[in-house]
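Take a walk through this protein chain, one element at a time. Keep the structure open beside the text.

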Amino acid sequence: MKRTKVIDALKSTAYGSDICVKGWVRSKRGSKGIFFIALNDGSTIKSMQIVGEDTNFDEETIKRITTGACLSVVGKLVESPAAGQASEIQAAEIEILGDCDNTYPLQKKGASMEFLRSVAHLRPRTNLFGAILRIRHNMAMAIHTYFHEHGYFYFHTPLITASDCEGAGNMFQVTTKNLYDLKKDEQGKIIYDDDFFGEQTSLTVSGQLEGDLGETGLGAIYTFGPTFRAENSNTPRHLAEFWMIEPEVAFLDQEELMDLEEDFIKYCVRWALEKCKDDLEFINNNKFITPNQDLIPRLESVLKDEFVRLPYTEGIRILQEAKKNGKKFEFPCEWGDDLASEHERYLVEEHFKKPVIMTDYPRSFKSFYMKQNTPVDAASPDGASVGYKGAVAPGPTMQGTDVLFPSIGEIIGGSVREESLDKLMAEINRREMDTTHLWWYLDTRKYGSCPHAGFGLGFERLILFVTGMQNIRDVIPFPRTPKNAEF
C-alpha cells in the first residue's frame, strides 16, 4: 500500500478507509490489553496516534516497539474519541523497519540544549528540532520567494576567495600545500606559487563584493549561501559557519534601502506566522524553551509597527540621557563608539519598544565601501557630517542602515555603497589598504558606475528571532564553533 504522510493523514476525513503511515515512535503506552503509539514522520509537529490490541500482535513485536523505533503501520483511519486529535489509526499490521537500541538517548523525559548539542546527529528527531528545522526551511523559501517576486536574480558568489571583504583578517585558509613542509622566502613568508590556485586563498566571509559585480549587469541580485569567519568566539550569537542573504541593488538610495530592509523582514515574519503556525505554537507553549516571552505576539508586533529610523548621533544622545537617569551600561557609549548589543537592545526593547533602523554611523568602524555623508565643511573631509534628515554629527559618517531587533540586536547590516572611484580610493588610501586582490572591484567604478545599495542578513539570526531560541547553535543543524566540528 502506498504510504500517506502523517501531515496528510491528520487532515484526512476518509474515515473507515485503509491507510499506511510510516515514521518513528515518539512514545508508547499501554492499558488493559491496548497499546497507543505516537508516530511521527517529520512532516508536521503533530504525531498520528496508532491504536493496537495486544491480541492482534505477537508479544515480540510489541516488545520491539520502543521510543525511536521506525515503523510501517497499516490500519483503518477512524475518528478519535480523544481530545486534541481528530483522527487515529486502528492498526491491523505493524512492520518494524528499524529497531531502536535501549541506549537511545532521546527518551520522553526533557533534555537540556547542551545535551542535545552533544547528540546533534539525533536531535532532528526531537519535536523541538523538527519544529526549528521546518521553520528554517520555510524562512529559506520566504527569502527566495520574496526576491523572485520583486524581480531580483539569485546570484551565486564563490566560497573560495583571495580577497577579504570585511578587512577583518579572520578567515579560514584553503590550501593543498603540505603543512609539514612549507616553502618560505627569505623573509619567512609562505610561498604559494605551488599551491592549487597559485596564491593564498580562504573561505569567504561575504559574497557582497562579487554581488556588487552582478548588480551592475542584472540590476538587482541577491546571494544566499554559507559564509565563514575564523573568530574564536563562544557567544550565543556567533558561529564559524553560517548562512548570509545579501541583496545588491542598482539605483537605490538610503531611504529606499531602509524601505527594502523593513519590507523584506516583515515579509519573512508574516510568512512564518502564516505557514509555521503549528511549529510556532509548539515552541511558544514550551516555556522551558522560550522563557518569559510570548513568541507569537512578539512576531505579530513586528508587522504592526513601523520601524524607527534613527541617526546614530541621535541614538548616542538617547543612550547618554539614559545613563544620566541611572541606566547602567557595561560598555561606553560616546560618539564614535561602536554600539554594543546592550545599547542596541536598550534602544529597541526599552526606549522605542519596536525595531529600529540605525543610520549614519561614524566612518571609524564601518567598511571602506560605504558612501560617506557630505561634510558640513566641504573643504575639510575630516570635518562634521550631515546625515539622515539633516542630523549633524561631530565627525565624518557613512550611510549605513543597520536593523536592530528585540532579543537579537543587529539583524541586518546595510549601506549605500560608494560609486565614485576617486572617493573610494581616497578612503582605501586613508586606511592604507592593500588593493592587490580588489582590482576587479575597483574596475566597476571606472566602467559605468552607478548609485547602488545593499545589505547583509545573517540567516541564523533571523531564525533566532522567529523561533525565540536563546542560542544560535540551536537553529542550525550542525553548528561550527571553536573546537567543535564533530558532526
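Strand 1 (residues 18-31) and strand 4 (residues 70-79) run antiparallel and are paired over seven bridges. Within this pairing, Trp24 stands opposite Cys70 of strand 4. The model is predicted. Strands of a sheet pair through backbone hydrogen bonds, in either the parallel or the antiparallel sense.

Which strands belong to the closed barrel, and in what order do they run? The barrel has five strands, in the order 1-2-3-5-4, and its pairing is mixed. Neighbouring strands of this sheet are turned against each other by 55° on average, with direction ignored.

Now follow strand 3 (48-53) through the barrel. Strand 3 pairs with strand 2 in the antiparallel sense, over six bridges. Here Phe36 has Val51 of strand 3 as its bridge partner. Strand 3 is also joined to strand 5 (residues 87-98), this time in parallel and by two bridges. Ile50 has its bridge partner, Ile89, in strand 5. Is strand 3 mostly covered or mostly exposed? Strand 3 is mostly covered, with five of its six residues buried.

Go next to the loop between strand 2 (34-40) and strand 3, where Asp41 lies. The side chain of Asp41 forms a salt bridge with that of Arg3, at 2.9 Å from N to O. Arg3 sits in the segment before helix 1 (6-11), so this salt bridge ties together parts that are 38 residues apart in sequence. The two ends differ in cover. Asp41 is buried, at a relative accessible area of 12%. Arg3 is partly exposed, at 38%.

The second sheet is open. It has eight strands in the order 6-10-11-18-17-16-13-12, again with mixed pairing. Which strands stand at its edges? They are strand 6 and strand 12 (308-311). Each has a single partner strand, so one side of each has no neighbour in the sheet.

Look at the strand 6 edge. Strand 6 runs parallel to strand 10 (residues 220-228), and two bridges join them. Tyr154 has Tyr222 of strand 10 as its bridge partner. After strand 6 (153-154) comes a loop that leads to strand 7 (160-161), and Leu159 is found in this loop. Leu159 is partly exposed, with a relative accessibility of 36%. Together with Ile160, Phe196 and Phe197, Leu159 forms a nonpolar patch on the surface. The four residues have about 390 Å² of accessible area together.

Now cross to the strand 12 edge. Helix 9 (residues 312-324) lies across strand 12 and strand 13 (356-362). The helix runs at about 90° to strand 12.

Salt bridges come next. How many are there? The count comes to 26. Some are joined into a network, and one such network links Glu255, Asp259, Glu262, Lys266 and Arg309. Take one pair from this group. Lys266 and Glu262 form a salt bridge, with their closest N and O atoms 2.9 Å apart. Both residues are in helix 6 (residues 254-275), four residues apart, which means that about one helical turn separates them. Lys266 is buried, at 11% relative accessible area. Glu262 is buried as well, at 9%.

Compare another pair, Lys327 and Glu350. Their salt bridge has its closest N and O atoms 3.0 Å apart. This pair links distant parts of the chain, 23 residues apart: Lys327 is in the loop between helix 9 and helix 10 (341-351), and Glu350 is in helix 10. Lys327 is partly exposed, at 29% relative accessibility. Glu350 is partly exposed too, at 41%.

Finally, step back to the whole chain. The protein chain has 13 helices and 18 strands. Its C-alpha atoms fill a box of roughly 95 × 60 × 45 Å along the principal axes. Of its 487 residues, 49% are buried. The accessible surface is about 23800 Å², and carbon and sulfur atoms account for 50% of this area. Among contacts between residues at least 6 apart in sequence, 68% join residues at least 24 apart.

Methods
Residues numbered from 1 in each chain as written. Predicted model: local features only at pLDDT ≥ 70, side-chain atom pairs only at ≥ 80, totals over all residues. Heavy atoms only, no water. Patch = residues over 30% accessible without salt bridge, like charges linked within 9 Å, V, L, I, M, F, W, Y side chains within 5 Å. Areas by Shrake-Rupley, 256 points an atom, 1.4 Å probe, with all protein chains shown as cover. Buried < 20%, exposed > 50% of the residue type's maximum accessible area, 1.4 Å probe, protein only. Pairing = 2+ DSSP bridges. Contact = heavy atoms within 4.5 Å. Axes fitted to C-alpha atoms, helices over the stretch in contact; angles between N-to-C directions.
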